[in-house]
Amino acid sequence: MKKIIAILLVLTTVVGCSSSSNAYTSKVSDANSTILTINGTEVKKQDLYEYLLAAIGVDILDQEALVIVADIELTDKDAIEAKVNEKFDDYMKTFGEDADKYFKTYGYADAEDFKEKLCRPNALTLLLMEKYINENYEDILAAYSFRTAKHIQVATKDEVPAILDRLSAGEDFAAIAKELSTDTTTASSGGDLGLVSAETTSIDENLVAAISVADKVGLINGSIATANGYSIVYIDEVDAEVLKDQIATYLTSSENILEETKSHYYKKNAYDIYEKSFAKTFSNYVK
């Protein structure tokens, strides 16, 4: 109730300052009927509708579309329920004894309401992503070029030959990285860069470019100039089969893959939007 009152108070301020009646192409029935007045300012049904569209419309539209598409595409009901319960159990472990407090704070009636309104959409989205990944796995592997690698970063190119000599003499790459690397993020872990793909943005783009085209395990010749100096790079693994667990974790948490999933299944299921104000966010679907 407090949330509704707060929304209506904001609405009276918005309505009192300006009118947005021309911003939206969709209209509610009986749009000009007054739902409340405060100090002489009227709030009409269309005002409330447009406020809600602006505040949460995009998110609600996206979530509802995903749920509808998932209901069409996902046929294994047991798998769906298992995933919903898995997501719910994960949240409960996080909330612990504060679960009921969380439900009340965020407007859920109880645990079952939370499961249906949050856990189910999350589970359906994840399962839909997994389906998209499985159906397009080889193309995704080719596009993302997954590798694992580590590096030793130094400030100047003059430092590179001595390090290469030490590596040629059989010294451990990780040990030298811990000793000499100026990359404070990775030095303590032996220069480990983890799983790198062509889409990785957390490391220098020159490193990404060099790692993503590497076709074998081992040291990349010479050094790679980056914004932070020079990097000597060792490729740990290029075989996607060996990396499959890491790749699966990466893909199911990737915003890019989520967007690809939505685009693929929205187009497949003739997803059209008729509210013109959403054109910027949903440019491919607005009619």
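**Notebook: pocket and cores**

Started with the second largest pocket and sorted its lining by residue type: I get five nonpolar, four polar and four charged residues. Worth keeping in mind that I'm working on a predicted model here.

Next I looked up how big that pocket is. Its volume comes out at about 270 Å³. The lining runs to 13 residues, and Leu66, Pro121, Asn122, Thr125 and Leu258 are the ones nearest the centre. I then checked which elements build the wall: α2, α5 and α11 each give two or more residues to the lining of this second largest pocket. The top contributor is α5, with five lining residues.

Then on to the nonpolar cores. The largest has 42 residues, and I find Phe114 and Ile257 with the most contacts inside it. I listed the elements that supply at least two residues each: α2 (45-73), α3 (77-95), α4 (99-105), α5 (111-135), α6 (137-144), α10 (244-252) and α11 (255-268). Here too I see α5 giving the most, with ten residues of this core.

I wanted to know what Phe114 touches. Leaving out residues up to four places away in sequence, I get Phe88, Tyr91, Met92, Phe95, Tyr102, Phe103, Tyr108 and Cys119.

Last lookup: is there anything apart from the largest core? I noted another core of 13 residues lying apart from it, with Leu193, Val196, Val208 and Ala210 among them.

Note to self: α5 gives the most to the pocket lining, and α5 also gives the most to the largest core.

Definitions and conventions
Residues are numbered from 1 along each chain as its sequence is written. This is a predicted model: local features need pLDDT of at least 70, side-chain atom pairs count only at pLDDT 80 or more; totals for chains, interfaces and linings use all residues. Side-chain values use heavy atoms; hydrogens and water are left out. A nonpolar core is a set of buried Ala, Val, Leu, Ile, Met, Phe, Trp, Tyr and Cys residues joined through side-chain atoms within 4.5 Å. Buried means under 20% relative accessible area, exposed over 50%, partly exposed in between (1.4 Å probe, protein chains only). Helices (H or I, at least four residues) and strands (E, at least two) are DSSP runs, numbered from the N terminus. Contact means heavy atoms within 4.5 Å. On a 1 Å grid over the protein atoms alone, a cavity is a set of points where a 1.4 Å probe fits but cannot get out, and a pocket is an open set with protein on both sides within 12 Å along at least five of seven lines; lining residues have an atom within 4 Å of a point. Grid points are joined across faces, edges and corners, and a volume is the space filled by probe spheres set on the points. Ala, Val, Leu, Ile, Met, Phe, Trp, Tyr, Cys and Pro count as nonpolar, Asp, Glu, Lys and Arg as charged, and the others, Gly among them, as polar.
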